[in-house]
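The exercises below work through a ligand site, two sets of database annotations and one loop. Each task is followed by a solution that proceeds step by step.

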Amino acid sequence: MELCSINGLKGTITVPGDKSVSHRCIMFGSIANGITEVENFLKGADCRATIQCFRTLGIEIEENGSSVRIHGKGLHGLMPPTDILDVGNSGTTTRLLAGILAGQPFDSKLSGDASLNARPMKRIMEPLTQMGANISSILRNDCAPLYITPGKLHGIHYSSPVASAQVKSCILLAGLYADTETSVTEPSLSRNHTELMLREFGADLHSSHALDSTQATVSLNPGRELYGQRILVPGDISSAAYFIAAGLLVPDSEILIQNVGINPTRAGLLKVCEDMGADITLLNEHTQSGEPIADILVRTSTLHGTTIEGDIIPTLIDEIPIIAVMAAAAEGTTIIRDAAELKVKETDRIETITDNLLAMGCAVTATEDGIVIHGGRPLKGAVIHTLLDHRIAMAFSIAALIAKGNTQILDSKCVDVSYPQFYDTFEELL
Ligand code: S3P
């Protein structure tokens, strides 16, 4: 994909359904009793991998545009897979599905693409093993492919070293099949879609926040059946993020993005934008299927640098590539720290962000747990090495819109992972 600078992005758009919520609809719908109807489901490659895995586990899933109908078979209705479960590029599919499979009376194998099979799985293998699960890394490198055989699960109280919704959700899903209560404490609250949605499906689940610290605990009591739901998936704030940044950075722009999920465990980007001096207004705030939603109005703004650290990091972890682009265009220095998790995403994002910003002429330094960006220098067009990371492709496509000269995004097709229509949405704003 070849891109160059533009002026005046104007219009009203919607972005596709939330990726995290879409995955969970398929998973929870499959192990619930009866039909789950989903509207505005994200048809990206990651969520399609989840659909395919559950079909391989014997679940009938009908698709009609962005509507999906899942014929759930209850907690104990999954069938032994006839094949290896292909999780593609999707960490969420792998880790959440592993939690469900740990509680099944049959063997299963999970494997993904080269990036997925290099991501750390010890973070789920350890707690699942403590629960009595039989899960192993086939190549003995603590990564997928994973092999899971039946085990008798018991509840544990797990203190997670990382604020990770994938780890938390994996343990809670295994907890549905345990004999006693399971709880997970994380150092700060990660996205809570599992908690919100599992409760809607009927699970006995409670969340609490320690008064004297940022720690968050969620507990689940097994024994209750889940029941099919109707779910309207909110627009994905992680996808809206690119158009928020485009509206702020491209001169003479005004963009209204409708129906975006603004769950506080996901909306750290909005706080950072405010800190950087962005002109953003939330309109029409309401709640839909238990999730807060708003329309986001963005106008071109002069941004300044900020410091992003601590508890806010899990609420914007997927937005750091685009925040880094905003920081490159802002006056002054932006410091991002406490974000070592970036190293274990689809790529080592500390490295991919830094290398590509350097290529565009930005003064940037990688640190052990983040990035320091000295903004304000004009960006120049460059060849962007996405390393097949969808969020790097989209973030640097926005950078290209304010750079002098042409920018080439290599392997731009990787946007299909979370936002297949990404480049089409631009057409609506020209
Ligand atoms: C996700 C959790 C986050 C996020 C990922 C989706 C989820 O990962 O980066 O894109 O749906 O639970 P971690 O839980 O590893 O932080």
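**Exercise 1. Identify polar side-chain contacts of the ligand, and state how much of the ligand surface the protein buries.**

Solution. Begin with Lys 345, whose side chain places an N or O atom 2.7 Å from an oxygen atom of the ligand. Taken alone, the ligand exposes 390 Å², and the protein buries 94% of that area. Next take Ser 164, where a polar side-chain atom lies 2.7 Å from a ligand oxygen atom. Finally turn to Thr 92, for which the distance between a side-chain N or O atom and an oxygen atom of the ligand is 3.4 Å; because the cut-off for a polar contact is 3.5 Å, this pair still counts. These distances should be read with the caveat that the model is predicted.

**Exercise 2. Describe the pocket that holds the ligand and the composition of the shell around the ligand.**

Solution. First locate the site: the ligand takes up the space of the largest pocket. Two elements, α1 (19-30) and α5 (165-175), each give two or more residues to the shell around the ligand. Of these, α1 provides the largest share, namely three residues.

Then list the shell itself, which consists of Lys 19, Ser 20, Arg 24, Thr 92, Ser 164, Ala 165, Gln 166, Arg 191, Ile 317, Asp 318 and Lys 345. Sorting these residues by class gives five charged, four polar and two nonpolar members.

**Exercise 3. Compare the "binding site" annotations in UniProt with the lining of the largest pocket.**

Solution. Start with the set that the unreviewed UniProt entry lists as Lys 19, Ser 20, Arg 24, Ser 164, Gln 166, Asp 318 and Lys 345. From this set, the pocket lining includes Lys 19, Ser 20, Arg 24, Ser 164, Gln 166, Asp 318 and Lys 345. Ser 20, one of the annotated residues, is placed in helix α1.

Continue with another "binding site" set from the unreviewed entry, made up of Lys 19, Gly 91, Arg 119, Gln 166, Arg 349 and Arg 391. Here the lining of the largest pocket takes in Lys 19, Gly 91, Arg 119, Gln 166, Arg 349 and Arg 391. Within this set, Arg 349 belongs to helix α10, which covers residues 349-359.

**Exercise 4. Inspect the backbone of the loop between β8 and β9, and then place the annotated domain along the chain.**

Solution. The loop runs between β8 (134-137) and β9 (146-149), and Pro 145 is found in it. The peptide bond that leads from Ala 144 to Pro 145 is cis, with omega near 0°. Asp 142 lies in this loop as well, and has a positive phi of about 60° although it is not a glycine.

For the last step, the unreviewed UniProt entry gives the annotation "domain: Enolpyruvate transferase" to residues 7-425. Over that range the chain is 29% helix and 27% strand, while the C-alpha atoms at the two ends are 16 Å apart.

Note on methods:
Residues are numbered from 1 along each chain as its sequence is written. This is a predicted model: local features need pLDDT of at least 70, side-chain atom pairs count only at pLDDT 80 or more; totals for chains, interfaces and linings use all residues. Side-chain values use heavy atoms; hydrogens and water are left out. A residue is near a molecule or strand if one of its heavy atoms lies within 4 Å of it. A polar contact is a pair of N or O atoms within 3.5 Å; within protein, one must be able to donate a hydrogen and the other to accept it, and residues adjacent in sequence count only if both atoms are side-chain atoms. Accessible areas come from the Shrake-Rupley method with a 1.4 Å probe; for residues, only the protein chains shown count as cover. On a 1 Å grid over the protein atoms alone, a cavity is a set of points where a 1.4 Å probe fits but cannot get out, and a pocket is an open set with protein on both sides within 12 Å along at least five of seven lines; lining residues have an atom within 4 Å of a point. A molecule sits in a cavity or pocket if more than half of its atoms lie within 2 Å of its grid points. Helices (H or I, at least four residues) and strands (E, at least two) are DSSP runs, numbered from the N terminus. Ala, Val, Leu, Ile, Met, Phe, Trp, Tyr, Cys and Pro count as nonpolar, Asp, Glu, Lys and Arg as charged, and the others, Gly among them, as polar. UniProt positions are given in the numbering used here, feature names are shortened, and annotations may be inferred rather than shown by experiment.
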